[in-house]
Structure formats: structure tokens, C-alpha cells
Amino acid sequence: MSHTVITTTTTTVRSGDSVLNTGYLGTIPGMLKIGQTLSLLIAFLCVYCVHGWPSWHAFCFFEVVALWFLLAFLIFLLMHLFRLQGKMPCINWPLTIKNLHQLASYSKSRMKNCNNWPLTEFFHYSVGCVLLFIASIIASVKSGGVSALVAGSVFGFIATFLMAVNLWTSYSMACGPQAGASV
């Protein structure tokens with residue numbers, strides 16, 4: 001007896017499927033990424049444009065941290081804006097908390113509802129939050145009363161706050177309320 005298997009593939013294109021995902025900019029994560037990018041850009045420019053820093057090493061550290069995370073968050077923003085996660089199969093984008101949980105067998109009951117929380121962004125935001133907080137503290141202490149350096153450190157603190165908010169909102173949206181947690 002011979003059996004025949006017929007496979008049919010249907011592709012649908014919706015009118016909202018364009019190259020540019022402008023709807024992302026109106027979401028909470030999109031607005032937070034824009035705010036972080038702008039505050040890091042202003043912080044970097046405030047420190048970069050001042051000549052004669054009171055503490056050269058402190059402000060070099062601040063510049064490096066601000067510029068590194070400015071570029072990283074700008075890349076994340078552009079990836080979401082142009083939907084590049086689906087167009088770059090060479091990078092393992094589905095690395096999520098659930099996959100890490102399966103690899104490390106970490107607390108199955110706590111992470112049961114946590115399906116789609118991207119670890120790449122989580123690590124960048126958590127490390128960025130800590131390093132930028134440290135750099136902003138150092139910059140504010142070593143500013144020597146120079147107003148542009150004080151403004152740069154203030155925008156560093158603003159970016160740190162926005163990163164912490166983004167960490168919290170992305171976790172609460174991806175993982176939701178935990179079973180048995182009191183409100």
C-alpha cells in the first residue's frame with residue numbers, strides 16, 4: 001500500500017506588517033527606550049563638551065559607560081523598530097528565562113509563567129543600571145561644581161531610573177503575577 005502526504009502552506013500578509021514597526025514607539029517599552037537613549041545622549045554630550053575635567057579618570061569612566069549603553073540601547077530600539085529579531089536567524093533570539101530555566105533547572109514553580117522575557121535585554125539593562133548608577137555617583141561627586149558635569153550626572157541618574165523602570169515593567173509584563181503571590 002502506498003500513502004500520499006500533501007502539505008499545504010498558507011502565507012497571509014496583513015496590512016500592518018511593514019518593515020517599520022512604528023506602533024512600538026507608542027508602547028511603554030518603546031517610550032522607555034527612547035527616553036533612555038535621549039537621556040544617555042544628553043549625559044554623554046554634557047560631559048564630552050566640557051574641557052578641563054576636575055577628575056579625568058572619573059569622567060572617562062562616565063563617558064565610556066554612557067556611550068556603550070547608549071549604543072546598546074539604540075541597537076535594541078532599532079531592532080524592535082525594524083523587527084530585526086525575525087530577520088536575523090543566525091542569532092539565537094529565543095534565549096529567554098524559560099530556556100535558561102530548562103538549562104539550569106532553576107525553581108520551576110517560580111518561573112512557570114515566565115515565558116518570553118529576553119535575557120539579552122535583561123542582562124544589558126541590569127548591568128547598565130548598576131554601572132551607570134556607579135558612574136553617575138562618581139560623576140556627581142567629582143564634578144567640582146561645573147554645571148555641565150552636574151547636568152551630565154543628573155541625566156545619568158535619569159537614565160538609570162528609566163532602566164530600572166524598564167526592567168520592572170518588562171519582567172511584570174512577561175512573567176505576570178506569580179501563583180500564590182499576595183497583592
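Q: What pattern does the protein chain follow, read along the sequence?

A: Going along the sequence of this predicted model, the pattern is α-α-α-α-α. Put as a tally, that's five helices and zero strands.

Q: OK, and how do I describe two helices that pack together?

A: Two packed helices are described by the angle between their axes and the distance between those axes. Take helix α2 (residues 56-81) and helix α4 (residues 119-141) here: the angle is about 150°, and the axes are 9 Å apart.

Q: Which word goes with the way α2 and α4 run relative to each other, parallel or antiparallel?

A: Angles over 145 degrees count as roughly antiparallel, so α2 and α4 are roughly antiparallel to each other. Their crossing is left-handed.

Q: What residue classes make up the contact of α2 with α4?

A: By class, you get 18 nonpolar residues, five polar and one charged.

Q: Which residues does the UniProt annotation "transmembrane region" cover?

A: The unreviewed UniProt entry puts that label on residues 34-53, 60-82, 122-141 and 148-168. Let's check two of those spans in the model. Residues 60-82 are 96% helix and 0% strand, with end C-alpha atoms 33 Å apart. Residues 122-141 come out as 100% helix and 0% strand, and their end C-alpha atoms lie 29 Å apart.

Q: How about the chain as a whole: what percentage of its residues count as buried?

A: The protein chain has 183 residues, and 34% of them count as buried. As for contacts with a separation of 6 or more, 74% are between residues 24 or more positions apart.

Notes:
Residues are numbered from 1 along each chain as its sequence is written. This is a predicted model: local features need pLDDT of at least 70, side-chain atom pairs count only at pLDDT 80 or more; totals for chains, interfaces and linings use all residues. Side-chain values use heavy atoms; hydrogens and water are left out. Axes are lines fitted to C-alpha atoms, for helices over the stretch in contact, and angles run from 0 to 180 degrees between N-to-C directions. Helices (H or I, at least four residues) and strands (E, at least two) are DSSP runs, numbered from the N terminus. Angles under 35 degrees count as roughly parallel, over 145 as roughly antiparallel, 65 to 115 as roughly perpendicular and the rest as oblique. A crossing is left-handed if the near helix is turned anticlockwise from the far one by less than a right angle, and right-handed if clockwise. Ala, Val, Leu, Ile, Met, Phe, Trp, Tyr, Cys and Pro count as nonpolar, Asp, Glu, Lys and Arg as charged, and the others, Gly among them, as polar. UniProt positions are given in the numbering used here, feature names are shortened, and annotations may be inferred rather than shown by experiment. Buried means under 20% relative accessible area, exposed over 50%, partly exposed in between (1.4 Å probe, protein chains only). Contact means heavy atoms within 4.5 Å.
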